Amino acid sequence: MKSLNETLQGLMKNQNVAASVDQLMKRVLADPDVQAFLQDNQERISREMVQSGQSKLYEFYHEKQLAKKGETTVAPGYSPQLVLNSGQIDVTYVPTQQLLEKERQRHIQRLVRSINMPKFIQNASLDNFYIDEQHQTATRMAALKAAINFTDHYSADHFIPGFYLYGNFGVGKTYLLGAIANELAKQKGVATTMLHFPSFAVEMRNSIKKNNTSEKLEAVKKAPVLMLDDIGADAMSKWVRDDVLGIILEYRMQEELPTFFSSNFSMDELEKNHLAIDTQGDHEPLKAQRIMERVKFLSRELPMTGDNLRSKG
C-alpha cells in the first residue's frame, strides 16, 4: 500500500493533474494550523523547504480532515503534528486526549487487583455511594465520610488504619470498599488488592497440591492496601485461621500496611462466634483473641445499616 507521501509525489509528476494538485496545495497552505506552523518557524523554513515538504504538509492536512470526519486515520488514537526534522518539514503523531484518558483509566483498573470479587466494583465510586436523602442513616454517612478522609490523607509514609465494615447483607459494604480502592488508584496511584476471603481460603487449600501456597500468601500479605471482603461468611479451619489469615495480619501489622475488612459480624461477634470455633468444633478463644488484636490494630470498626440495596434491583 502506497504512503500518502508516495501518492502525492506520483500525482505531482503527472502533468494532467498538476492543476488539481496546485488547488489542493492551496487548500493545504491555507489551513490555519499549517499557517501557524509556517509562521512560528518562518526564520528556519525557506521557500525550498516548503516546496520539498509539500507531501508532508498534505499528509498532515489529510489526516486532520479524516479525524475531523470521524473516519479511520493512519494512526488511530493519535493526531498529526508538524515538526522540523533535520532541516526538513515532517509529521509526527502524538496521542490524543481521548487516548491518554483511556490509558489512564486502564492504568487505574490495573492498580485494583481483585480476586473473586463482583464485577461491579470496577466502576464503584465514592460519588455514587448510595445515600437515601429521605431515610438517611447516620452510619452510612459516617462510613462515607471516613472513606473520603482516608483517600484524601493516605500516604505510604504514614500509617492510617483501614476500616472494619460490618452490617447486614446488601447494605453496600463491598461497594464502598471498591470505591475506596478505585479512588486510591485514581487519586494516589496506589495499588490495592481486593479478595473475597472465603473464596481465597478455598484457593489456598487447593494451592497445597500445586505447591504454590507461599507464593500466593506473599503476594497478598505485601499488598500496599489490602481488602478482605466477607470475612466470617464461612467457618475457618485452624490452618486457614492461623497459617493464612494469621500470617497475613501479622505481617501487615509489623509493616503497618492499611487493611480493610467487610463482614456480617461485628468484631466481637467475629471473635466469639466464628474465630474461636474452628471447623472441627474445637473452642480456642486465645487463638481468636490473637487474630482480633491484629484486626483491631489494622482497622477501625464501622457499622453500616440500611436496606438491602441488591433487592432494589
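# Briefing: helix packing and selected residues

E183 touches L126, T151 and K188, leaving aside residues up to four places away in sequence. The model is predicted. Its chain has 13 helices and eight strands. Of the 313 residues, 43% count as buried. Among contacts in the chain with a separation of 6 or more, residues 24 or more positions apart account for 74%.

**E183 and the pair α7 and α8**

- E183 lies in helix α8, and its relative accessible area of 17% makes it buried, because the cut-off for buried is under 20%.
- Helix α7 spans residues 138-153 and helix α8 spans residues 173-188; their axes are 9 Å apart and the packing angle is about 25 degrees.
- That angle makes α7 roughly parallel to α8, because angles under 35 degrees count as roughly parallel.
- The crossing of these two helices, α7 and α8, is right-handed.
- On the α7 side the contact is made by A143, A147, F150, T151, D152 and H153.
- On the α8 side the contact is made by L176, I180, E183, L184, Q187 and K188.
- E183 is thus named both as a member of this contact and as a residue touching T151.
- Sorted by class, the contact of α7 with α8 has six nonpolar, three polar and three charged residues.

**I148 in α7**

- I148 is placed in helix α7.
- Its relative accessibility is 36%, so I148 counts as partly exposed.
- I148 and D127 are 21 residues apart in sequence, and their C-alpha atoms are 9.9 Å apart in space.

**Helix α10 against α11**

- Helix α10 covers residues 213-221, and its axis comes within 9 Å of the axis of α11, crossing at roughly 40 degrees.
- This makes α10 oblique to α11, because the angle falls in none of the ranges under 35 degrees, over 145 or 65 to 115.
- α10 passes α11 in a right-handed crossing.
- From α10, the residues T213, L217, V220 and K221 take part in the contact.
- They meet W239, D243, V244, I247, I248, Y251 and R252 in α11.
- The class count for the contact of α10 with α11 is seven nonpolar, one polar and three charged residues.

**Helix α11 against α13**

- Helix α11 runs over residues 238-255 and helix α13 over residues 285-298.
- The axes of α11 and α13 come within 9 Å and cross at roughly 35 degrees.
- The crossing in which α11 passes α13 is left-handed.
- α11 contributes R241, D242, L245, G246, L249, E250, R252 and M253 to the contact.
- α13 contributes K287, R290, I291, R294, V295, F297 and L298.
- By class, the contact of α11 with α13 has seven nonpolar, one polar and seven charged residues.
- R252 of α11 is listed in the contact with α13 and also in the contact with α10.

**Positive phi on either side of α11**

- D230 is not a glycine, yet its phi is positive, at about 65 degrees.
- D230 is placed in the loop between β6 (225-229) and α11.
- With 23% relative accessibility, D230 counts as partly exposed.
- E256 is likewise not a glycine and has a positive phi of about 55 degrees.
- E256 is placed in the loop between α11 and β7 (259-263).
- With 42% relative accessibility, E256 counts as partly exposed.

**D90 in strand β2**

- D90 is found in strand β2, which covers residues 88-95.
- The relative accessible area of D90 is 18%, so this residue is buried.
- The side chains of D90 and N85 are joined by a polar contact of 3.2 Å.
- Beyond residues up to four places away in sequence, D90 touches K56, Q81, L82, V83 and N85.
- N85 therefore appears both among the residues touched by D90 and as its polar partner, because the pair's 3.2 Å is within the 4.5 Å used for contact.

Methods: Residues are numbered from 1 along each chain as its sequence is written. This is a predicted model: local features need pLDDT of at least 70, side-chain atom pairs count only at pLDDT 80 or more; totals for chains, interfaces and linings use all residues. Side-chain values use heavy atoms; hydrogens and water are left out. Helices (H or I, at least four residues) and strands (E, at least two) are DSSP runs, numbered from the N terminus. Buried means under 20% relative accessible area, exposed over 50%, partly exposed in between (1.4 Å probe, protein chains only). A polar contact is a pair of N or O atoms within 3.5 Å; within protein, one must be able to donate a hydrogen and the other to accept it, and residues adjacent in sequence count only if both atoms are side-chain atoms. Axes are lines fitted to C-alpha atoms, for helices over the stretch in contact, and angles run from 0 to 180 degrees between N-to-C directions. A crossing is left-handed if the near helix is turned anticlockwise from the far one by less than a right angle, and right-handed if clockwise. Ala, Val, Leu, Ile, Met, Phe, Trp, Tyr, Cys and Pro count as nonpolar, Asp, Glu, Lys and Arg as charged, and the others, Gly among them, as polar.
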